[in-house]
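The exercises below ask you to read helix packing, burial and chain contacts from a structure, and each is followed by a worked solution. Please keep the sequence and the coordinates at hand while you work.

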There are 2 protein chains.
Amino acid sequence: MNDFIYYNPTKIEFGKEKENNIGQYIKESNIESVLLAYGSGSIKKSGLYERVIASLKSHGISYEELDGVVSNPLLSRVNDGIKIVKEKKLQAVLGVGGGSVVDSAKAIAAGVKYDGDVWDFFINKAQITEALPVFTVMTLAATASEMNGNAVIMNDETKQKYSIASVLVNPVVSVVNPELMATVSKDYLAYSAVDIIAHSIEVYFTASTHPNFNSRIVESIVKTVIQTTEILLENPDDYDARAEFAWVAIQALNGLTPAGTGGGSFPNHMIEHSLSAIYNVAHGAGLAVVMPAWMKWYETQNPAQFKRFAKEIFNEEDSSKGIEKLEAWFAKIGAPTTLKAAGIPRSGIQELAINANELACIWSIDNIYSKDTIVEILEKA
Amino acid sequence: MNDFIYYNPTKIEFGKEKENNIGQYIKESNIESVLLAYGSGSIKKSGLYERVIASLKSHGISYEELDGVVSNPLLSRVNDGIKIVKEKKLQAVLGVGGGSVVDSAKAIAAGVKYDGDVWDFFINKAQITEALPVFTVMTLAATASEMNGNAVIMNDETKQKYSIASVLVNPVVSVVNPELMATVSKDYLAYSAVDIIAHSIEVYFTASTHPNFNSRIVESIVKTVIQTTEILLENPDDYDARAEFAWVAIQALNGLTPAGTGGGSFPNHMIEHSLSAIYNVAHGAGLAVVMPAWMKWYETQNPAQFKRFAKEIFNEEDSSKGIEKLEAWFAKIGAPTTLKAAGIPRSGIQELAINANELACIWSIDNIYSKDTIVEILEKA
């Protein structure tokens with residue numbers, strides 16, 4: 001078992017109607033003004049917007065708004081947010097929405113406290129040393145952004161989709177009410193399931209050591225995702241399945257699964273970021289394409305763990321059967337498993353590989369993931 | 001799935017030689033003086049004491065000492081600590097040792113900030129609203145006190161062994177170096193294993209709801225405890241097994257396992273506290289006596305979960321076989337499984353039941369655990 005630090009100071013307020021207390025949670029941190037960031041306005045249709053505003057008002061918290069945060073969230077909108085916060089001298093950022101909104105909130109929170117260009121953090125030109133407090137009300141379970149310090153932002157000028165990771169942007173409090181997640185489409189539920197599985201297995205397969213407990217946690221997450229996704233596709237109103245799905249989404253990427261493994265790399269996310277960036281594919285859909293291809297390519301490099309995965313998740317003795325069954329399950333729940341199914345032409349592979357290799361350089365795994373290797377992986381998709 | 005709050009702000013510094021950085025971790029919290037609490041002096045024999053002192057000194061942190069903290073730690077010594085902290089105006093409490101030392105550190109940290117008798121917190125006469133920061137260097141894996149807000153203290157006048165629970169006394173930083181735990185005797189390793197299993201299964205069996213993910217986490221913990229204990233009894237120097245044992249000990253009682261279950265009660269701990277208080281039995285040894293008896297008594301009240309336990313842990317279809325196998329495993333690793341084996345006469349049952357029922361009243365579960373019921377359970381032991 002490798003040395004590690006485990007530190008996750010985010011408080012999760014999990015359960016029904018907890019969004020009605022968001023003003024109280026913010027007030028308890030002695031904050032009196034926030035930037036309220038959200039997306040396309042679906043929170044207005046659902047009534048969530050009014051409930052959040054009412055809670056802020058009843059606790060005397062003033063707010064400015066940043067709407068129009070899109071999936072694969074844009075750096076330009078982050079910069080808009082930074083400008084508003086600086087002008088209005090706001091004390092915190094409240095993201096109400098899915099991972100994209102929360103990631104934008106984090107980037108704004110860090111960017112406000114930095115004199116240079118916030119993108120510097122994403123290209124490792126600067127380190128985050130300070131940030132405004134972040135609060136969230138989640139409407140989608142997938143990214144675990146509600147309980148980690150990660151944010152992925154798309155530079156709309158350079159078409160680079162890069163990330164930051166700092167405990168300084170961990171949300172102070174995140175509201176996770178599974179009821180708010182019940183309106184997600186079946187497509188996006190499937191993409192979220194794929195994303196959660198990807199978060200779990202990246203380190204599971206790529207780590208240098210595999211403590212049994214960590215492997216068991218990952219397997220517990222994957223089993224629960226499969227089980228609850230199938231229930232929810234049949235019956236979107238099953239609260240318990242929705243709640244478990246939301247909770248394991250958080251556990252998949254809040255620091256628990258890699259503790260003691262020595263850490264791993266995130267090659268599937270790395271390659272997928274290029275699919276999203278260039279073809280605007282939904283992140284989970286892109287992962288469903290990349291993951292089986294990557295697993296087939298990587299299988300021989302960690303045969304014991306692939307064998308374990310096949311046995312524990314699908315009760316198969318043969319490791320390649322485990323990959324086949326996962327791919328088949330992705331297809332069954334409605335996620336694309338080939339570039340073609342995701343609407344990406346074979347002719348696009350070269351450009352994708354060049355873009356993904358740039359990220360491999362930033363993440364310092366370009367020694368493994370050369371452009372040619374990424375081409376080889378994508379050819380399998 | 002029930003509503004819940006998950007909040008655990010303790011930072012775990014896990015790994016080799018991390019105790020040499022304790023001064024730095026404390027300094028990072030802008031603290032300049034601590035009460036150093038420890039036990040019988042084994043940390044002096046091992047050289048740990050010198051290393052901790054050296055780290056404190058090199059970071060300019062002054063300290064006063066409170067030695068002689070015993071297992072089943074005493075209220076009188078807690079009061080000694082409170083007195084020293086107040087007199088010397090110390091800013092934090094550093095516990096170096098096992099659960100007893102850390103629990104004492106927490107009680108001191110809370111007591112210093114309270115004008116009344118610190119015991120008021122234990123008998124629900126007052127609530128903790130403020131506490132000094134607590135830091136720890138752990139030498140024993142069992143209680144998870146390094147990553148929770150619990151403390152169990154024995155009132156040496158009244159013979160009551162009661163507890164507190166508040167996130168305000170969660171350690172700020174805990175050093176968990178598995179190497180420091182390698183000198184534990186085989187007896188105490190076995191008792192620790194029993195304690196960790198008890199922490200995991202109390203809520204697993206008594207909760208009102210059983211989300212699959214929570215059950216899977218508990219089963220992952222129990223499987224890992226069984227596996228690593230067997231390795232360590234054979235080879236105490238197996239670092240990886242020692243490290244996994246230490247990490248699952250933490251996961252068993254850091255708030256993760258009950259999240260969403262609606263919470264449960266701790267009847268085994270409740271009854272065991274009387275064995276420790278009256279007969280000074282080691283806590284884990286007492287639990288090995290109480291747990292199989294309690295399980296046999298409780299089995300019919302949650303048949304599905306007992307069946308699940310038997311299947312998942314011991315691959316047995318019959319739930320009573322699961323209990324039998326657990327009891328046999330306790331015996332195999334050297335823990336007593338009967339009152340007789342623990343040196344407690346049958347004639348002591350009445351007094352134990354009266355004492356345990358007092359705690360049942362404090363914990364508000366006396367409607368289930370009347371004196372007669374506790375007698376009935378202990379008769380099975």
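**Exercise 1.** In this predicted model, determine how many of the 13 residues of H9(A) are buried, and find which elements those buried residues pack against.

*Solution.* Begin with the extent of the helix: H9 of chain A covers residues 239-251, and its 13 residues reach 18 Å from the first C-alpha to the last, close to the 18 Å expected at 1.5 Å a residue. Next, apply the burial criterion, by which a residue is buried if 20 or more other C-beta atoms lie within 10 Å of its own. Eleven of the 13 residues meet it, so H9(A) is largely enclosed by the rest of the structure. The buried residues include A:Ala241, A:Arg242, A:Glu244, A:Phe245, A:Trp247 and A:Gln251. Finally, look for their partners: within chain A these are strands S2 (11-14) and S9 (173-176) and helices H7 (186-206) and H8 (212-234), and from chain B helix H8 (212-234) takes part as well.

**Exercise 2.** Describe the side of chain B that touches chain A, stating which element supplies the largest share of it.

*Solution.* Count the residues in contact, which gives 28 of chain B and 28 of chain A. Then assign those of chain B to elements: strand S1 (4-6), strand S2 (11-14), H8 and helix H9 (239-251) of chain B each supply at least two residues, and H8(B) has the largest share with eight. Sorted by class, this side of chain B divides into 14 nonpolar, six polar and eight charged residues.

**Exercise 3.** Characterise the crossing of H12(A) with H13(A), giving its angle and its handedness.

*Solution.* Two packed helices are described by the angle between their axes and the distance between the axes. For H12 (residues 303-314) and H13 (residues 319-332) of chain A, the axes come within 7 Å and cross at roughly 55 degrees. Since this angle falls outside the ranges for roughly parallel (under 35 degrees) and roughly perpendicular (65 to 115), the two helices are therefore oblique to each other. The crossing of H12(A) with H13(A) is left-handed. On the H12(A) side the contact includes A:Phe306, A:Phe309 and A:Phe314, which belong to a set that meets A:Ser319, A:Lys321, A:Gly322 and A:Lys325 in H13(A). By class, this contact has six nonpolar, two polar and three charged residues.

**Exercise 4.** Repeat the analysis for H14(A) and H15(A), and then state whether A:Ala356 is buried or exposed.

*Solution.* The axes of H14 (residues 349-362) and H15 (residues 371-379) of chain A come within 8 Å and cross at roughly 130 degrees, which makes H14(A) oblique to H15(A). The crossing is right-handed. Among the residues making the contact are A:Ile349, A:Leu352 and A:Ala356 of H14(A), and A:Ile374, A:Val375 and A:Leu378 of H15(A). Eight nonpolar, two polar and two charged residues make up the contact of H14(A) with H15(A). Turning to A:Ala356, which is placed in helix H14 of chain A, one finds 27 C-beta neighbours inside 10 Å, so the residue counts as buried. Beyond its neighbours within four places in sequence, A:Ala356 is in contact with A:Met270, A:Ile271, A:Ser274 and A:Ile374.

Conventions. Residues numbered from 1 in each chain as written. Chains lettered and ligands numbered in written order. Predicted model: local features only at pLDDT ≥ 70, side-chain atom pairs only at ≥ 80, totals over all residues. Axes fitted to C-alpha atoms, helices over the stretch in contact; angles between N-to-C directions. Helix = DSSP H or I, 4+ residues; strand = E, 2+ residues; numbered from the N terminus. Parallel < 35°, antiparallel > 145°, perpendicular 65-115°, else oblique. Left-handed = near helix turned anticlockwise from the far one by under 90°. Contact = placed C-beta atoms within 7 Å. Nonpolar A, V, L, I, M, F, W, Y, C, P; charged D, E, K, R; others polar. Expected span 1.5 Å × (residues − 1). Buried ≥ 20, exposed ≤ 12 C-beta atoms within 10 Å, placed from the backbone.
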